[in-house]
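Please walk me through this protein model. I would like the overall layout to come before the details.

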Amino acid sequence: MTLEPEGLGQSKADLAAALRKIRKRAGLSGDRLAMRCAMSQSKISKIETGRITPSLVDVERILYALDASPQLVSDVMALARMANTEWQDKRSSWRRGLEKRQAELAALEKDSTELRYFLPSMITGLLATPDYIRASLSHSPGDISRTVTKKLERQAVLYEQSKKFIFLLTEQAVRWNIVPAAATMVQLDRLSTLSRLPHVTLGVIPLGAQIPRGPLNTFTIYDNRLATAEIFTGRIIFQDPRDVEQYRKILTCT
């Protein structure tokens with residue numbers, strides 16, 4: 001499935017309209033469909049008016065109750081996957097304030113027990129020194145001091161031994177010189193120190209290594225419930241378990 005950022009929001013409205021149309025074509029009222037799906041009538045109404053986005057399981061239950069054809073199920077489930085995928089563009093994050101994004105990430109990290117990171121180009125904030133963080137934010141608009149502080153505060157989560165962290169970097173990411181040589185040595189020392197924590201796994205893919213997948217974006221997996229992929233203009237958030245599993249497989253075979 002091709003993901004176009006501008007289409008992700010429209011897919012929610014399209015999904016609501018499709019489910020409403022299929023129900024009416026089947027000759028069922030919202031009450032009757034709710035009974036067949038073991039859902040409340042108010043939930044069916046909110047789904048069909050786009051006030052809430054149904055989960056993949058909810059959509060499957062509705063389509064089964066409506067006795068939808070295999071082709072219709074395939075088409076509507078594609079819409080449902082799109083509707084459960086969120087796009088966050090970089091400029092919107094800048095307008096909201098980068099420190100707010102740090103609060104969102106801290107909440108995700110707090111609620112997760114296993115976190116996996118693929119870092120093909122740069123070192124992530126959890127692993128970075130203050131100098132590296134400041135350098136990585138040098139092209140961001142406005143005062144970055146609060147964002148730097150928030151990033152450093154988030155690093156405390158690395159020492160929670162009830163969590164498991166897996167970081168896979170490329171040698172290019174480790175060698176990327178966004179800070180002077182002396183600061184780079186301090187950054188490398190930090191990576192070495194963190195790799196000794198019993199609940200932190202840090203791996204590096206060496207230059208020249210043959211890997212089965214082509215160039216990939218930075219991505220993070222939170223348990224089995226959420227995956228976020230970074231591209232130059234923003235971030236895509238996947239909530240479909242099948243999409244999350246695909247990202248887990250990428251890490252496994254890389």
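What follows goes from the whole chain to its helices, rings, salt bridges and backbone.

This is a predicted model. The protein chain has twelve helices and seven strands. Its C-alpha atoms fill a box of roughly 70 × 40 × 35 Å, taken along the principal axes. Of the 254 residues, 44% are buried. Now take the contacts in the chain with a separation of 6 or more. Residues 24 or more positions apart account for 73% of them.

Start with one helix pair. Two packed helices are described by the angle between their axes and the distance between the axes. Helix α7 covers residues 98-111, and helix α9 covers residues 145-154. They pack at an angle of about 10°, with their axes 8 Å apart. Angles under 35 degrees count as roughly parallel, so α7 is roughly parallel to α9. On the α7 side, the contact is made by L98, E99, Q102, L105, A106 and E109. On the α9 side, R146, T147, K150, K151 and R154 meet them. By class, this contact has three nonpolar, two polar and six charged residues.

Next come the aromatic rings. A pair of rings is described by the distance of the centres and the angle of the planes. The structure holds five aromatic pairs. One of them joins F165 and F167, with ring centres 6.2 Å apart. Their planes stand at 5°. Planes under 30 degrees apart count as stacked, so this pair is stacked. Both F165 and F167 are buried. Elsewhere, ring pairs link F118, F219, F238 and Y247 into a cluster.

Charge pairs are the next topic. The count comes to 13 salt bridges. Three of them can be read in some detail, together with a network.

The first example joins D58 and R61, whose closest N and O atoms are 3.8 Å apart. Both residues lie in helix α4, which covers residues 56-65. They are three residues apart, about one turn of the helix. How accessible are the two partners? D58 has a relative accessibility of 10% and counts as buried. R61, with a relative accessible area of 31%, is partly exposed.

The second example joins D243 and R81. Here the N to O distance is 2.2 Å. This pair links distant parts of the chain, with the two residues 162 residues apart. D243 sits in helix α12, residues 241-253, and R81 in helix α5, residues 70-83. D243 has a relative accessible area of 8%. The cut-off for buried is under 20%, so D243 is buried. R81 is partly exposed, with a relative accessible area of 22%. Which residues does D243 touch, leaving aside its neighbours within four places in sequence? The contacts of D243 are R81, T85 and F238. F238 also belongs to the ring cluster with F118, F219 and Y247.

The third example joins D223 and R225. Their closest N and O atoms are 3.7 Å apart. D223 counts as buried, at 15% relative accessibility. R225 is partly exposed, with a relative accessible area of 36%. As for the network, salt bridges that share partners join E114, R116, E245 and R248.

D223 also leads to the backbone. Where does D223 lie? D223 is in the loop between β5, residues 219-222, and β6, residues 226-231. D223 has a positive phi of about 50°, although it is not a glycine. So this loop residue combines a positive phi with a buried position at 15% relative accessibility.

A38 is another residue with a positive phi. Its phi is near 60°, and A38 is a residue other than glycine. A38 lies in the loop between α2, residues 30-37, and α3, residues 41-48. Is A38 buried or exposed? At 65% relative accessibility, A38 counts as exposed. The cut-off for exposed is over 50%. D223, by contrast, counts as buried.

To retrace the route on the model, begin with α7 and α9, which pack with their axes 8 Å apart. Go on to the stacked pair of F165 and F167. Then find D243 in helix α12 and its salt bridge with R81. End at the two loop residues, A38 and D223.

Key:
Residues are numbered from 1 along each chain as its sequence is written. This is a predicted model: local features need pLDDT of at least 70, side-chain atom pairs count only at pLDDT 80 or more; totals for chains, interfaces and linings use all residues. Side-chain values use heavy atoms; hydrogens and water are left out. A salt bridge is a side-chain nitrogen of Lys or Arg within 4 Å of a carboxyl oxygen of Asp or Glu. Helices (H or I, at least four residues) and strands (E, at least two) are DSSP runs, numbered from the N terminus. Buried means under 20% relative accessible area, exposed over 50%, partly exposed in between (1.4 Å probe, protein chains only). Contact means heavy atoms within 4.5 Å. Axes are lines fitted to C-alpha atoms, for helices over the stretch in contact, and angles run from 0 to 180 degrees between N-to-C directions. Angles under 35 degrees count as roughly parallel, over 145 as roughly antiparallel, 65 to 115 as roughly perpendicular and the rest as oblique. Ala, Val, Leu, Ile, Met, Phe, Trp, Tyr, Cys and Pro count as nonpolar, Asp, Glu, Lys and Arg as charged, and the others, Gly among them, as polar. Rings of Phe, Tyr and Trp (its six-membered ring) pair if their centres lie within 6.5 Å; planes under 30 degrees apart count as stacked, over 60 as edge-to-face and the rest as tilted.
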